[in-house]
Amino acid sequence: MTDKPEVIVDSENEVRDESGELSGNKSIAVAHEILPDVLIIVPIFDRPIFPKMMGPVAIDNKELKKSIMEGLEASNGYLGLVVVRSDDDSAKDYPVSGEEFYTVGVTAKVIKTSPLAEDQPLHLMLQSVDRFDITEMILKGEVFRAKVKHWYETEFDTNEELKAYSVAIIDSIKELVNLNPLFKEGLSLVLEKINPNDPGALSDFSSSMTTASGKELQEILEAKSIRTRIEKALILLKRETEISKLKVKISKRIDEKLSNQQRNFFLKEQLKEIKKELGLSKEDSETEADKFEKRLKKLKLTEEAEERINEEMEKLKLLEPSSAEFNVTRAYLDWLTVLPWGVYTKDNYDIKKAKKILDEDHYGLEDVKDRILELISVGIIKGDLAGSIILLVGPPGVGKTSIGQSVARSLNRKFYRFSVGGMRDEAEIKGHRRTYIGALPGKFIQTMKTCKTANPLIMLDEVDKIGMSYHGDPASALLEVLDPEQNRDFLDHYLDVRFDLSKVLFICTANQIDTIPPPLLDRMELITLSGYILEEKMEIARKFLLPKQLKLHGLKEDQVDISEEVLKEIIDGYAREAGVRGLENNLKKILRKSAKRIVESKILSVEIQKDDLRDLLGKRSFSEEKVYKNPKPGIVRGLAYTSFGGATLHIEAAHIPSKGPGFKQTGQLGNVMVESSEIAYSYVRSLLRDDEKAKALFENNLIHLHVPAGATPKDGPSAGITMAVALYSLVIDRPVIDKLAMTGELTLSGLVMPIGGVKEKVIAAKRANVTNLIFPAENREDFEELDKHIKESISPNFVENFEEVLKICFPIDE
């Protein structure tokens, strides 16, 4: 036990201890019972307990419970309460070292204890007494004991400044009570138990009332200067006051909002009842039923649809508007009654007007235009345009999508387009069942609602890119929609009522037919849109693209002058692809830069020269093929057909000395093309078996066949004669004639078999400025069916066997 230290009070009321040093407080010591100098330490989490306060403490640690119960008598019933350090005020783990505690705590007297139980916390009722400093921390097992130096409570002879602080604290507490009634109990406690002339106790109690963090409260607990302590307490109270004001403001705003909502609700309910009494309004179910019945007067329902709607209408009238089933039934009836049952637009049977519209919107595409005019002609004779399913196949940018709009305009039908590319859920086609939350009909029924007619033109874009997943196969779901024998009774999962789609004209688009499922492809009439040649692109740019882009850029025709020579250079150097999308993008770029030049230079017009294209569009995207400008042995030009249209490609052959014969191919060739190259190698070697020079070359060299570009996958049998000619040219060391390209499948016996994509390959040859072409004899009719402007300047050669090919490639000099 420690004796009470002697306290000296000087004339200025500054407290000095027996050593003569200032204690920092103006006080006169009051004797109490002697406090122990070694205390069992009880860890306190979150917030400290201040002196002269009573409260419960629960202890879970088994060793600490046992030590407290055993040591209470020895310590005169006193314990030390010390807060555990924590950065986030959320420490819950029992401390393992003395460094985890703050150095200032509170001595507390145990007033009452609960019975000690093994599996239950020990509950203590404590009365805190005074502060202490920890001089040494002792750890025995899991129990901390500390040697402490008590501060001892004192009675203060306050000055005017401290009195002012005390009054300010009491006023702040009163203000808090007005803002938050929860502080009323705290104020009563202050007024009953705390002497207003004791600023230390007042600051402790007022601090404990706030919602400040444990760290901030610990700073007040550790403050030895009363002035510092009470000033910090006042700051916390002021902050608490501002928080309470903000809470009151927020609560008031929310209460006002709720009050207005409730007031409006009650007024609306009263108004509804008044109108009902006066006969001015009806129940929600009656109102909805009237709306649906009004719609039905304009429709020609099928027997099945009429029966279903009548059932649902009776059901709706019996349901309460507040029930969930009411909303489901109302949504279902809304879809049933909004569909255009028996509503059709009148088709245009004026074939001349239709032809004029098609010609206005598109240049060329005679196959497609003829098919549409044939459809209209059948409608004129029959008196009805039955639903048809057309598939437009062609490379990107050739006008597949835009022609659908022109067809709808020429037929005077509503137009609706959606893409099925990447679609993976069959519910997109056939709808969701009504048992699902948020269920909707499929795309085709939604289209009927949007178009408000049962015979629109529906365009399905990218049918070759339709997907499949665990949700189902949309391509299979399309089989019913695109079958003229089945779609007259199309059954959507949501509607669960058959709807007639037989009057709908379907136009589908695709880049290739290889990925379209055969059963789906079988239901469609195929029309191929090949790419455009230079002359066609010139006309399209002049008549359609350039005027359209001038208008979109806000320019007049006389402000930007692009000559035909410049257009030709743009097409040849920057837009050689099959379609015109790249050409349109280049025109956009030129017009944007021209507009900038007009604004910056303040000139009236801009004339685009051929030499300006490099600055406007950058380096040419397509070279002039200078590498192959002069014919060389072993290099032959072939014609290929891809999903992006026709293309020309060069096939190269070279020989490398080796110990024996050999043959290899490079250029990412597919299996079919590899087989064609092997047939070509075997045939040429067989053809030249009696030539000693050729025989020696084959025996002592590895023959390498390459098809640039190496990064592009290639496949197909149509390059057979091209590869054979390349090998033959290499062996005899003689180049083929200039401006020659060829295509055809070669058999092992030397026959030349027919190929596909004649039109696309001819267009590719014209783009590459190739005039002499070799085709299989069986493709003669395909070539002769081409438009005159495509065949113009082309010299075709039709061959039946490889010997005829050689006569054209290597003519005998006369």
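**Helix pairs and a few single residues**

Okay, let's start right in the middle of things: on helix H10, the residues Ile351, Ala354, Lys355, Leu358 and Asp359 meet Lys369, Ile372, Leu373, Ile376, Ser377 and Ile380 of helix H11. Sorted by class, that contact of H10 with H11 has seven nonpolar residues, one polar and three charged. Before I go on, please keep in mind that this is a predicted model.

So how do we describe such a pair? In general, two packed helices are described by the angle between their axes and the distance between the axes. Here, H10 covers residues 351-361 and H11 covers residues 366-382, and their axes come within 10 Å and cross at roughly 160 degrees. Angles over 145 degrees count as roughly antiparallel, and H10 and H11 are therefore roughly antiparallel to each other. As for the handedness, H10 passes H11 in a right-handed crossing.

Let me stay in this neighbourhood for one more residue, Ser410, in helix H12, residues 400-411. Is Ser410 buried or exposed? Ser410 counts as buried, because its relative accessibility is 0%, and the cut-off for buried is under 20%. And what does Ser410 touch, if we skip residues up to four places away in sequence? The answer is Asn348, Ala354, Ile357, Leu358 and Ile372. You've heard some of those names already: Ala354 and Leu358 of H10 and Ile372 of H11 are among the residues where those two helices meet. One more number for Ser410: Asp350 is 60 residues away in sequence, yet the two are 8.8 Å apart in space, C-alpha to C-alpha.

Now the second helix pair. Helix H17, residues 534-552, and helix H18, residues 564-574, have axes that come within 10 Å and cross at roughly 120 degrees. That angle makes H17 oblique to H18. The crossing of H17 past H18 is right-handed. Who makes the contact? From H17 we have Leu534, Lys537, Met538, Ala541 and Arg542, and from H18 we have Glu564, Leu567, Lys568, Ile571 and Asp572. Split by class, the contact of H17 with H18 has five nonpolar residues, no polar ones and five charged ones.

Let's look at H18 on its own for a moment. Which of its residues are buried? They are Val566, Leu567, Glu569, Ile570, Ile571, Gly573 and Tyr574. Notice that Leu567 and Ile571 also turned up in the contact with H17. The cover over the buried residues of H18 includes H17, strand E18 (560-562), helix H19 (581-601), strand E19 (606-608) and helix H20 (613-617).

Next, two residues with unusual backbone angles. Most residues other than glycine have a negative phi. Lys739 is not a glycine, but its phi is positive, about 55 degrees. You'll find Lys739 in the loop between helix H23 (720-732) and strand E24 (740-742). Lys739 is partly exposed, with a relative accessible area of 37%. Ser793 is another one: it is not a glycine either, and its phi is positive at about 70 degrees. Ser793 sits in the loop between helix H26 (788-791) and strand E28. Since its relative accessibility is 52%, Ser793 counts as exposed.

And with E28 we get to strands. Pro796 lies in strand E28, residues 795-799. Pro796 counts as partly exposed, because its relative accessibility is 29%. Leaving out neighbours within four places in sequence, Pro796 is in contact with Leu773 and Phe783. Val762 is 34 residues from Pro796 in sequence, and their C-alpha atoms are 9.6 Å apart.

My last residue is Thr666, in strand E22, residues 662-666. Thr666 is partly exposed, with a relative accessible area of 29%. Not counting residues up to four places away in sequence, Thr666 touches His704, Leu705, His706 and Val707. The C-alpha atoms of Thr666 and Pro708 are separated by 8.5 Å, and those two are 42 residues apart along the chain.

Okay, zooming out to the whole chain. The secondary structure comes to 27 helices and 28 strands. There are 814 residues, and 44% of them count as buried. Among contacts with a separation of 6 or more, 74% join residues 24 or more positions apart. And the chain exposes about 43,000 Å², with carbon and sulfur atoms supplying 51% of that. That's it from me, thanks!

Note on methods: Residues are numbered from 1 along each chain as its sequence is written. This is a predicted model: local features need pLDDT of at least 70, side-chain atom pairs count only at pLDDT 80 or more; totals for chains, interfaces and linings use all residues. Side-chain values use heavy atoms; hydrogens and water are left out. Axes are lines fitted to C-alpha atoms, for helices over the stretch in contact, and angles run from 0 to 180 degrees between N-to-C directions. Helices (H or I, at least four residues) and strands (E, at least two) are DSSP runs, numbered from the N terminus. Angles under 35 degrees count as roughly parallel, over 145 as roughly antiparallel, 65 to 115 as roughly perpendicular and the rest as oblique. A crossing is left-handed if the near helix is turned anticlockwise from the far one by less than a right angle, and right-handed if clockwise. Contact means heavy atoms within 4.5 Å. Ala, Val, Leu, Ile, Met, Phe, Trp, Tyr, Cys and Pro count as nonpolar, Asp, Glu, Lys and Arg as charged, and the others, Gly among them, as polar. Buried means under 20% relative accessible area, exposed over 50%, partly exposed in between (1.4 Å probe, protein chains only). Accessible areas come from the Shrake-Rupley method with a 1.4 Å probe; for residues, only the protein chains shown count as cover.
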